[in-house]
Amino acid sequence: MNRREFLQLGLGSAAFCAAGCRSMLANAKKPIALQLWSINKLMWKEDPAKTFAKIREIGFDGVEFAGYGDRSAKEIRKLLQDAGLRGMGSHLCGDDQFSGDGLKKNLDFMAEAGIESCASAWADYDTAEGWIKFGVLMGKAAETAQKWGIPVSVHNHCHEFTKKYDGVYAWDLIYKEASPLLQQQLDTSQVVNPGLDCVERIQKYPGRNFCIHMKENVPSTWGFFGVPPDDGGALVPWDDVIAAVEADPSFRWYVIECERKPDSYIPAQKNFEFLKARI
């Protein structure tokens, strides 16, 4: 075997291994995180070490923060490590959190704490230009955060799919001129509630579905997945949603969010069991 043949063989083997690694990653079961707002009557009001231990005991792989309870990045990292949990992400609110010194401060904190991603938790504008500018700002934040290895997403509520400008949803205006690095964090309930198709929304932005919020539409008293809403409304088509995100190579995390009983672990446990049985 001459040098050229050896190199060709090596390159072929490397390509084969890379393809195999990508295939394994795509086929691996995706981890499940709990959005900590789900237990906001408990989180930081009790011993957070015990709270995190309970979340891990239920079976969750990680958590998504909605505030840090005035803990330092070092303290957050220790809480996660001691519980055997990953810091899936963090919800931040306000344009100033995604630009300039505010963005850098957040990224440094997350890197030190071991938090893997962040999302804009809320935005609202009255003009098409406002939504487009917001998307551009968030796209620049995503490009900056790439240096830290932290994906940046936008989380939706119902109004991004009820506000239209010349027939275009506010949600689509966000991504009109945004960097392709900007991810979408779809909230299943707040896609179904305004009457849209979750699968269509996932597939509209391929490669931009790092994570998805799993939440029942207009939930029942306890907010259990698959239980018909108390006041009517369509159920989230869970199997279709799961198939759609699993088909996207960019997808990494399921995030369960429960809103009806923030002083109880029961919805988190029941919804975890529901989802785990389907993925």
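Guide: Two strands pair if DSSP finds at least two bridges between them. Keep that handy, since β9 and β10 come up a lot here. This is a predicted model, where local features need pLDDT of at least 70 and side-chain atom pairs count only at pLDDT 80 or more, while totals for chains, interfaces and linings use all residues. Residues are numbered from 1 along each chain as its sequence is written, and side-chain values use heavy atoms, with hydrogens and water left out.

Visitor: What makes β9 and β10 a pair?

Guide: DSSP has four bridges between β9 and β10, in the parallel sense, so they meet the bar of at least two. At one spot, Cys211 stands opposite Trp253 in β10. The strands themselves are DSSP runs (E, at least two residues), as helices are (H or I, at least four), and they are numbered from the N terminus.

Visitor: How does the chain get from β9 to β10, and what is the hand of that crossover?

Guide: The path goes through α9, and this β-α-β crossover is right-handed. That label applies because, with the strands pointing away from the viewer, the path from the first strand over the helix to the second runs clockwise. Another right-handed β-α-β unit is made of β4, helix α5 (residues 128–145) and β5.

Visitor: Which strand does β10 pair with through Ala33?

Guide: That's β1, which runs parallel to β10 and is joined to it by three bridges. Ala33 has Val255 in β10 as its bridge partner.

Visitor: Why is Cys211 called buried?

Guide: Its relative accessible area is 2%, and buried means under 20% (exposed is over 50%, partly exposed is in between, with a 1.4 Å probe and protein chains only). So Cys211, at 2%, qualifies. It lies in strand β9 (residues 211–214).

Visitor: What does Cys211 touch?

Guide: Leaving out residues up to four places away in sequence, Cys211 touches Met88, Ser153, Gln184, Gln185, Leu186, Phe251, Trp253 and Val255. Contact here is heavy atoms within 4.5 Å. Ala33 is 178 residues away along the chain, yet the C-alpha atoms of Cys211 and Ala33 are separated by 9.8 Å.

Visitor: How do you know that both faces of β10 are covered?

Guide: Look at strand β10 (residues 253–256): Trp253 and Val255 sit on one side, Tyr254 and Ile256 on the other, and all are buried. β5 (residues 152–155) follows suit, with Val152 and Val154 pointing one way, Ser153 and His155 the other, and all of them buried. β5 pairs in the parallel sense with β4 (residues 118–120) over three bridges, and with β8 (residues 183–187), also parallel, over three bridges.

Visitor: What makes a set of residues a nonpolar core, and how many residues does the largest one have?

Guide: A core is a set of buried Ala, Val, Leu, Ile, Met, Phe, Trp, Tyr and Cys residues joined through side-chain atoms within 4.5 Å. The largest has 76 residues, and Phe52 and Tyr254 have the most contacts inside it. Its largest share, eight residues, comes from α5. Apart from it lies another core of six residues, among them Ala33, Phe210, Cys211 and Val255.

Visitor: How do you know that the buried residues of α2 are on the same side?

Guide: In helix α2 (residues 48–58), the buried ones are Pro48, Thr51, Phe52, Ile55 and Ile58. They cover an arc of only 115° around the axis, which puts them on the same side of α2; the arc is that of the directions from the helix axis to the C-beta atoms. Over on the other side, Lys50 and Glu57 are exposed. The cover for the buried side includes β1 (32–35), β2 (62–65), α3 (73–83) and α10 (266–276).

Visitor: What makes the phi of Asp166 worth a look?

Guide: Most residues other than glycine have a negative phi. Asp166, though, has a positive one, near 50°. It sits in the loop between β6 (164–165) and β7 (168–169). With a relative accessible area of 85%, over the 50% limit, Asp166 is exposed. Val218 also has a positive phi, about 40°, but its 25% makes it partly exposed.

Visitor: Where does the predictor's confidence stay under 50?

Guide: Over residues 1–26, for which the model has five contacts beyond four places in sequence. That confidence is pLDDT, given for each residue from 0 to 100. For the protein chain the mean is 92, and 90% of its residues reach 70 or more.
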